[in-house]
Number of protein chains: 2
Amino acid sequence: MDSLQNITSYLSEIFEIPKEAVETCSNFCMLKKVVKNEFLLQEGEICTDTFFVEKGLLRMYSLDRNGKEHIIQFAPENWLISDRSSLNFNQKSKYYIEAVEDSEVFILSKDFFINMIEKFPQTAENNDLLLQKHIRNLQNRVNSLLADTAEERYMSFIKMYPDILLRVPQWMVASYLGITPESLSRVRKELARKNFETS
Amino acid sequence: MDSLQNITSYLSEIFEIPKEAVETCSNFCMLKKVVKNEFLLQEGEICTDTFFVEKGLLRMYSLDRNGKEHIIQFAPENWLISDRSSLNFNQKSKYYIEAVEDSEVFILSKDFFINMIEKFPQTAENNDLLLQKHIRNLQNRVNSLLADTAEERYMSFIKMYPDILLRVPQWMVASYLGITPESLSRVRKELARKNFETS
DNA sequence: CGTCGAATTGATGTCATTCAACTACAGTGG
DNA sequence: CCACTGTAGTTGAATGACATCAATTCGACG
């Protein structure tokens, strides 16, 4: 099976374990193709899986009382995404996980990780590292939202995620930065003006 | 030793392991008394320890280009605090960890955790749970900074941390919320007015 | 070509910041 | 005991950053 081949090679790479290991856990994960705008999680549901993006791009966002979207995270190829609050504490999720592009996603159940760790204890360490990185990201984001202006946050975004910048509409970048599309448009205009002056 | 007694009972509680377990690791942790305004970590240093607050109150904050403080986290009794970005990735910290009150803190080195996990593998799971909770907190914070007004964030703070509210000056609450002390003062005034109307 | 969502632009509004003045109060030293 | 000092908190007026609303342009795609 072609898809199964992909699962094993990708996962063995990210978790740094032999392919055979992943194969033994293949009952607990499956490949799913999702089309643009399709949901993998919706508000009110309990998140039971972790999603590994093999191809495409996902985003996680919340809806506020005014129906406005706020993007918490993007997940391009080789990224994991999930609502850990919901997954680990069995609480209803406040978030949506949606395909920004047609995508191929490995759905990894809780049992998948349990099995992996059981058979290959080293997985636990890699898992831990993923959590640590997640914390680092979130902490940087909090600090940036507290300390930086919209312009500075946009500059950071360009540096950090130049690939994503080119793949999502501008209003999604604005949503991620915590400003309106109109404001981002003006920020960009202002930056263009500045760069022109100094060249 | 009195302090050693405290270490073991507190830590055995939080990590859900027998006291004897902690005692075997007591070489890797120590009790430190810090006075108000004393630092446990400063910007530019590499964070090598995790701090467990037995008594008192700590805060972690960053300084922006204008010298303005931005509080990332408070840590009252029985909380762990650390700059995990720095600790786990050996990077210079962007943050300060400082005592808000005279405090007593257990300093837990990396080796402490390594030893604990080695001798009591179950520690790893509890450790994992702590990371998951940390992620949940940070994610909620990001969402709140993106989606909520200053007034809503203040209301959430009151509900979530009523104890801390009473122990820190108002300007620190403002810093945590991401607004100026003046703004918080006005938010509070407005809330008082509203509550008066409806009573 | 016509349509629809995305992006830009202008005019205006709102919320929070800044700066400055003032009050309240705790701690210090004469 | 009182004056002196410094920090916290409040308030007002002006400013600034970003939001909102509305109109227009741009661009992809059927």
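**Group meeting: two protein chains and two DNA strands**

Hi everyone, let's start at the DNA. Of the 15 residues around DNA strand C, the ones that come nearest are Gln170(A), Ser185(A), Ala150(B), Ile179(B) and Ser183(B); a residue counts as near a molecule or strand if its C-beta atom, placed from the backbone, lies within 6 Å of it. Please keep in mind that this is a predicted model, where local features need pLDDT of at least 70, side-chain atom pairs count only at pLDDT 80 or more, and totals for chains, interfaces and linings use all residues. Residues are numbered from 1 along each chain as its sequence is written, while chains are lettered from A and ligands numbered from 1 in the order in which they are written.

Which elements give two or more residues to the surface near DNA strand C? They are α8 (170-177) and α9 (181-197) of chain A, together with α9 (181-197) of chain B. Helices (H or I, at least four residues) and strands (E, at least two) are DSSP runs here, numbered from the N terminus. It is α9(A) that gives the most to this surface near DNA strand C, with 6 residues. By type, the surface near DNA strand C divides into 5 nonpolar, 5 polar and 5 charged residues. For those classes, Ala, Val, Leu, Ile, Met, Phe, Trp, Tyr, Cys and Pro count as nonpolar, Asp, Glu, Lys and Arg as charged, and the others, Gly among them, as polar.

Now the other strand. Around DNA strand D there are 15 residues, and Ala150(A), Ser183(A), Pro169(B), Gln170(B) and Ser185(B) come nearest. At least two residues each of the surface near DNA strand D are supplied by α9 of chain A and by α8 and α9 of chain B. With 6 residues, α9(B) has the largest share of that surface near DNA strand D. The split near DNA strand D is 5 nonpolar, 5 polar and 5 charged.

How are the two protein chains related? Chain B superposes on chain A by a rotation of 180° with 0.0 Å of shift along its axis, at an RMSD of 0.1 Å; the fit is by least squares on the C-alpha atoms of residues with pLDDT of at least 70 in both. The two copies are therefore related as by a two-fold rotation axis. The same surface serves both copies, as 100% of the contact residues of chain B recur in chain A. Contact means that the C-beta atoms of two residues, placed from the backbone, lie within 7 Å.

On to the interface itself. Here 24 residues of chain B are in contact with 24 residues of chain A. On the side of chain B that touches chain A, β5, α3 (84-89) and α5 (122-147) of chain B each supply at least two residues. The largest share of that side, 15 residues, comes from α5(B). Its residues divide into 10 nonpolar, 9 polar and 5 charged.

Next, the sheet in chain B. It is an open sheet of 4 strands in the order β2-β7-β4-β5, with antiparallel pairing; strands pair if DSSP finds at least two bridges between them. Its edge strands, each pairing on one side only, are β2 (39-41) and β5 (69-75) of chain B. From one strand to the next, the twist averages 30°. What packs on this sheet from chain A? Helix α5 (residues 122-147) of chain A does, touching β4 (58-63) and β5 of chain B, and its direction makes about 135° with that of β5(B). Helix α8 (residues 170-177) of chain B also packs on the sheet, touching β4 and β5 of chain B, at about 100° to the direction of β5(B). Axes are lines fitted to C-alpha atoms, for helices over the stretch in contact, and angles run from 0 to 180 degrees between N-to-C directions.

Let me finish with β7 in chain A. Strand β7 (residues 95-99) of chain A is mostly covered, with 5 of its 5 residues buried; buried means 20 or more other C-beta atoms within 10 Å of a residue's own, exposed 12 or fewer, and partly exposed in between, with C-beta atoms placed from the backbone. Tyr95(A), Ile97(A) and Ala99(A) point one way from β7(A), and Tyr96(A) and Glu98(A) the other way. In a regular strand the side chains alternate between the two faces of the sheet. β7(A) pairs in the antiparallel sense with strand β2 (residues 39-41) of chain A over 2 bridges, and Phe39(A) stands opposite Glu98(A). Strand β4 (residues 57-63) of chain A pairs with β7(A), also antiparallel, over 5 bridges, and there Tyr61(A) stands opposite Tyr96(A). Thanks for listening!
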